[in-house]
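I opened this model to look up its cores, a helix pair, the chain contact and the confidence values. My entries follow in that order.

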Amino acid sequence: MLIHPSTSGSRVTAGRNRRAFLVWTMMYFCLAGLVFGQDSGNEYQKKAVHIGKLARYVEWPKDKMGTGIPLVIGVFGTDFASDQIREVVGRKPINGREVVVKTCSTIQEAAGCHMLFVSRSEEGRLSAILRKVRGEPVLTAGECDSFLKEGGIINLRTFGNEVNMEINEKNARRSDLKISPRLVNFGEGGVGG
Amino acid sequence: MSSFFRHAPIRSKLRFIILTTCIVSLLVACATLFAVQFYFFRKTFIQDMKSTAEMIAAQSIGAVDFESRTVGAEIIGTLSAKVGITGAALFLKTGAELATFGRMDERLTARIQRAAPQQWWEGGDLYFEHPVIRDQEHIGTLYIKADYREQSGRLVSLYIGIFCMVLGISVLVAWVISIRMGRLISTPIQKLAETARAIAAKDDYHLRAEQLADDEVGEFTKTFNFMLDQVEFRDAALRHEIDERNRAERELQEAQAQLVQASHQAGMAEVATGVLHNVGNVLNSVNVSAALISEKLNGDRLEKLQKTASMMIERNGSLADFIANDPKGKLIPSYLVNLGKHLISERNEALTELESLARNIEHIKEIVSMQQSHARVFGLVERIKPELLVDDAIRMVMVSLRRHQIELVRVVESSRPVDVDRHKVLQILVNLLRNAKHAMENLASDIRRITVHVACDELEGVAITVLDTGCGIPAANLTKIFSHGFTTRKDGHGFGLHSSALAAQQMGGSLSASSDGPGHGASFVLRLPPVNQEVTTA
C-alpha cells in the first residue's frame, strides 16, 4: 500500500505520513529479504539433493575412484550454497563412499574434486574453472545459462519451484565419465534439466 | 424341413449337404481359431502391457528420482502413441502425482505402497501397477490403463469381417464345386431314375440305364441292368407262361364245356334214373292194381253167365218150366243172385283198384312233372298235415306190404301242419317204406313189422320215423347209405336214399338213419321244418 504526502495538509499530518511511509518501507524490505532468503534456501536445498543423487548415476574411471576413496565435492560460490550441499549430501555416504564437501575459493582447488558445483556468483570465472578441469574426470554442475556451452556437464536451473536438470553427455564423455542411461531424458536441448 | 428335404431332388440334397458341411466346418474352424487367437491376443496383450509398464517404469527412474514433472510427462506421454493404452500416471513414493496422461482412477493413490507389479481388471480396462525402483529402493509407482474392450472389439470386428469374407468365398467355391461334383453324383442317379420311369411308363424292359461311373452308383446301375435282364427274361417267360395258360385255359374251357355237356347228360341220366326209380316204385303198385283188376276180370263168371243165358234161350218157350222143374233150371235164379252179388263185389274192388291205379298214375304224372320242374320251376309248397302224407304213402305200398305179410303200425303222437312239397315227402316215405319192406324179406313173417311214428315239436318241426324190424344196418354203412350209388341189394341202384336225403334238404329238413347193427332193425327219421321256418324248395 502506498501513501502519498498531501500538499494541502498541516505539517503535523505530513510528518505522520512520512513516518508511516518509512515504517512500511522498512517492513517491506524486511519481509522481502526474508522471503528471498527462504526461496534461495529451498533452491539450494533442492540442488543439493540433485547433486547428491547425481553421484549415483555417474561412473568415474576406476583409477580415479579407487576403493575407500571418499567422494569429494567442491563448491565454488557462496558459503550458503556450500552449507546447503554439505547439510544435505555430506551426512550419509553415497554408493558406500564417504562424502567430503569443500568450499573452493581458488581455481587450483578444483583439482582433486570428483564433483564440482559452480554457483551463479562465480559466473565471471566460470570459463577459467571449467578450463581447469577440462579432460579431467570431474563431474561439473552449475546454474549459469552458459554453463553447458562453456564445457560444463550438468546444469541445474530453477523454474518456479522446480529445479530442472540439463546434461551434456558429450562433455561427460570428454571427461571420461559415464552417465547412466536412466538420465538420457535429461539430455541438453531436449527436455531440459 | 425334414419333409421338404426328403422330397427334394438328390442334387439339391447334395448341394445342401456340401454347403452345410462347409459352413459348419468353417464355423467350427473359425470359432476354434478365433478362440485360440483371442486367448493368445489376451495373453499377448497382457504381456505386452506388462513389458511396456516394466520398460516405462525403468525409464522413469530418473524422472521420479529427480522429481522431474517435465521428464515424467515426456516419458509417459510416449505411451499415447501405443495402441490400447488410454492412460498412465507416475506417482512419487510420497503419493504425490508426478505426471499423468489420459484419465486415471483417482483411487490409484491408495495402492501406491505396493512394491510388486500388479494387474487387475475394471470393466473392460486392464490396469497395471509397476513400482519404480532405484537401487532396490521403491521411489515411485507407474500406472498404466489399457482399454482391452476396445482392442478386443476391434479384433472381433476384424475376425467377423474375415469370417464373413472367408465364409462368402468358401460358400461360393463350395457352391461351384457342389454344382460340378453334384453332377458327377446326381447325373448317374438321374439317368437311372429316368430309365426306371421310362420302363414303368412304357413297360419296356429292353431299356437299360447308362453306366457313367464305376463307383457305387455305377455298381448299382450295373446291378439294375442285371435285374432288368432278369426281369426281361422272366417277363418273357411269364408272357410265354401266360400264353400257355391262356391256351390251357381255352382248352380247359373247351374241356369244361365238354364236361358240362357230359355232366348235363349225366344229370339227365341221373334224372332219368330218379324218374325211373320213382316211377318204378309206383309202377309196382300200378302193376299190382292192374293184376288185381285183370284177375277179377279174367274170372269165368261172365262165361258162365253167357252159358246160363244160352241155356235160357234154348229153353225159350219152356223157360218157366225149365226154371221151375229142371234141376239146373232151379239153380239159375240163385245163381243169378249170387252172380250179381259177385259182380257187384268185383266191381267195387275193381273200382277201388282203379282209384288206386288212378292215384298211382297221378303220382307218376307228378313224378314226371316234378322232374320237369327240377329243370324249370320250383315245386309247389303246400301246408298239409303230415299224417295225411303218411296215410297216402301207406296206401301206395299197402298192397305190397300185405302181400309180403308185413304188419304196419301207424302212430300219430302229435301233429301240426307243415309247408312241404307233397310229392317229395311221398317219394321219401314210399322209399323208406319200400326199403323197410326189402329189409324184412328174409325174416319170418311173424316178426315183419313196420312202425310209422309221427311226432311234432315247436322248435324242430315234425319228425316222421319209419322203424322196421329188418336186417339192420352195419355201423360202417350208416355214413354211406345216403351216398349216390350205395346199395346193399343186388337189384338196387343206390339212388333212393340219396334222392330222399336231397329232397329232405331241399325242403329245409333232414333225413337221418340209425341202427343198432345187423339183425336189430333200423329207423329212418324224416324231419320237416316248422311252419314259419324258411323252406327251400327246388
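**Cores.** I started with the largest nonpolar core, which has 72 residues. A nonpolar core here is a set of buried Ala, Val, Leu, Ile, Met, Phe, Trp, Tyr and Cys residues joined through C-beta atoms within 7 Å. Buried is taken as 20 or more other C-beta atoms within 10 Å of the residue's own, exposed as 12 or fewer, and partly exposed as in between, with C-beta atoms placed from the backbone. Which members touch the most others? They are A:Ile73, A:Phe117 and B:Ile144. Helix α2 (residues 10-65) of chain B gives the most to this core, 7 residues. I noted that helices (H or I, at least four residues) and strands (E, at least two) are DSSP runs, numbered from the N terminus.

I then listed the partners of A:Phe117, leaving aside neighbours within four places in sequence. They are A:Ile51, A:Ile73, A:Val75, A:Phe76, A:Ile85 and A:Ala141. Contact means C-beta atoms, placed from the backbone, within 7 Å. A second, separate core has 38 residues, among them B:Val425 and B:Phe524.

**Model and numbering.** This is a predicted model: local features need pLDDT of at least 70, side-chain atom pairs count only at pLDDT 80 or more, and totals for chains, interfaces and linings use all residues. Residues are numbered from 1 along each chain as its sequence is written, while chains are lettered from A and ligands numbered from 1 in the order in which they are written.

**Helix pair.** I looked at α9 (residues 386-403) and α10 (residues 422-439) of chain B. Their axes come within 9 Å and cross at roughly 35 degrees. The axes are lines fitted to C-alpha atoms, for helices over the stretch in contact, and angles run from 0 to 180 degrees between N-to-C directions. The α9(B)/α10(B) contact includes B:Val390 and B:Met396 from α9(B), and B:Val425 and B:Leu429 from α10(B). Its residues divide into 11 nonpolar, 1 polar and 4 charged. In this count Ala, Val, Leu, Ile, Met, Phe, Trp, Tyr, Cys and Pro are nonpolar, Asp, Glu, Lys and Arg are charged, and the others, Gly among them, are polar.

**Chain contact.** Chain A and chain B each put 12 residues into the contact. On the chain A side, α1 (11-54) and β7 (162-167) each supply at least two. The largest share there, 3 residues, comes from β7(A). That side divides into 4 nonpolar, 4 polar and 4 charged residues. The predictor gives the complex an ipTM of 0.75 and a pTM of 0.48.

**Chain B.** I counted 12 helices and 12 strands in chain B. Buried residues make up 24% of its 538 residues. I also checked B:Met181, found in helix α4 (residues 148-202) of chain B. Buried or partly exposed? B:Met181 counts as partly exposed because it has 14 C-beta neighbours inside 10 Å. Its C-alpha atom is 9.5 Å from that of B:Arg11, 170 residues apart along the chain.

**Confidence.** Chain B has a mean pLDDT (the predictor's confidence in each residue, from 0 to 100) of 83, with 92% of its residues at 70 or more. Chain A averages 78, and 76% of the residues score at least 70. Among the elements of chain A, α1(A) has the lowest mean, 62, and strand β5 (residues 139-142) the highest, 94. Over residues 28-38 of chain A the pLDDT is below 50, and this stretch has 0 contacts beyond near neighbours in sequence. Where pLDDT is low, the predicted coordinates should not be read in detail.

Technical notes. Two residues are in contact if their C-beta atoms, placed from the backbone, lie within 7 Å.
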